[in-house]
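Got your viewer open? Let's take a walk through this structure, one selection at a time.

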Amino acid sequence: MGNLGFTEIMIILVVVLLVFGAKRLPEIGSSMGKGIREFKRSLSDTADALKEPAEDRSQAPSRQLDAPPQNTATSGEPKRLSQ
């Protein structure tokens, strides 16, 4: 897989323009930009959380686990979703 030249990039752009149309291209570009920004933000947040000292993490409030499910079925049949 080599480098893309000017001709190949122009062909790809023409195909994208034909498939999506001129009205949808700005919407697609802005949604891709938002997605990339959110991805970078989540990566930096994760890196910051990993670099944070263990002392700071121990002071954070602990998460509460959900309560265990209560078994209300007495007949042994699986519970139906629409009751």
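**Start at a salt bridge**

Select Glu 27 and colour it brightly: its relative accessibility is 47%, so Glu 27 counts as partly exposed. The cut-offs behind that label are under 20% for buried and over 50% for exposed, with partly exposed in between. Now add Arg 24 to your selection. Arg 24 is also partly exposed, because its relative accessibility is 43%. Glu 27 and Arg 24 form a salt bridge, and their closest N and O atoms sit 4.0 Å apart.

**Step back for the whole view**

Keep in mind that you're looking at a predicted model. Switch to the cartoon display and you'll find three helices and zero strands. Going along the sequence, the pattern reads α-α-α. The protein has 83 residues, and buried ones make up just 1% of them. About 8,500 Å² is exposed, with carbon and sulfur atoms supplying 60% of that area.

**Colour by confidence**

Next, colour by pLDDT. The average for the protein is 80, and 66% of the residues score at least 70. Which element has the highest mean pLDDT, and which the lowest? Helix α1 comes out on top at 92, while helix α3 (residues 54-59) is at the bottom with 58. Here's a rule for viewing any prediction: where pLDDT is low, don't read the coordinates in detail.

**Put a ruler on α1**

Select residues 6-20, which make up helix α1. How far apart should its end C-alpha atoms be? At 1.5 Å a residue, the 15 residues of α1 should span 21 Å, and the end C-alpha atoms are indeed 21 Å apart, so the two values agree. Now click on Gly 21, which follows α1. The phi of Gly 21 is positive, near 90 degrees.

**Finish in α2**

A search of the whole structure finds two salt bridges, and you've already visited the one between Glu 27 and Arg 24. For another, select Arg 41 and Glu 38, whose side chains meet with N and O 2.8 Å apart. Both residues belong to helix α2 (residues 25-51), where they are three residues apart, about one turn of the helix. In general, an α-helix has 3.6 residues a turn, so residues three or four places apart point the same way.

Are these two partners buried, partly exposed or exposed? Arg 41 is partly exposed, since its relative accessibility is 45%. Glu 38, with a relative accessible area of 44%, is partly exposed as well.

Terms used. Residues are numbered from 1 along each chain as its sequence is written. Side-chain values use heavy atoms; hydrogens and water are left out. Helices (H or I, at least four residues) and strands (E, at least two) are DSSP runs, numbered from the N terminus. Buried means under 20% relative accessible area, exposed over 50%, partly exposed in between (1.4 Å probe, protein chains only). Accessible areas come from the Shrake-Rupley method with a 1.4 Å probe; for residues, only the protein chains shown count as cover. The expected span of a helix is 1.5 Å times one less than its number of residues. pLDDT is the predictor's confidence in each residue, from 0 to 100.
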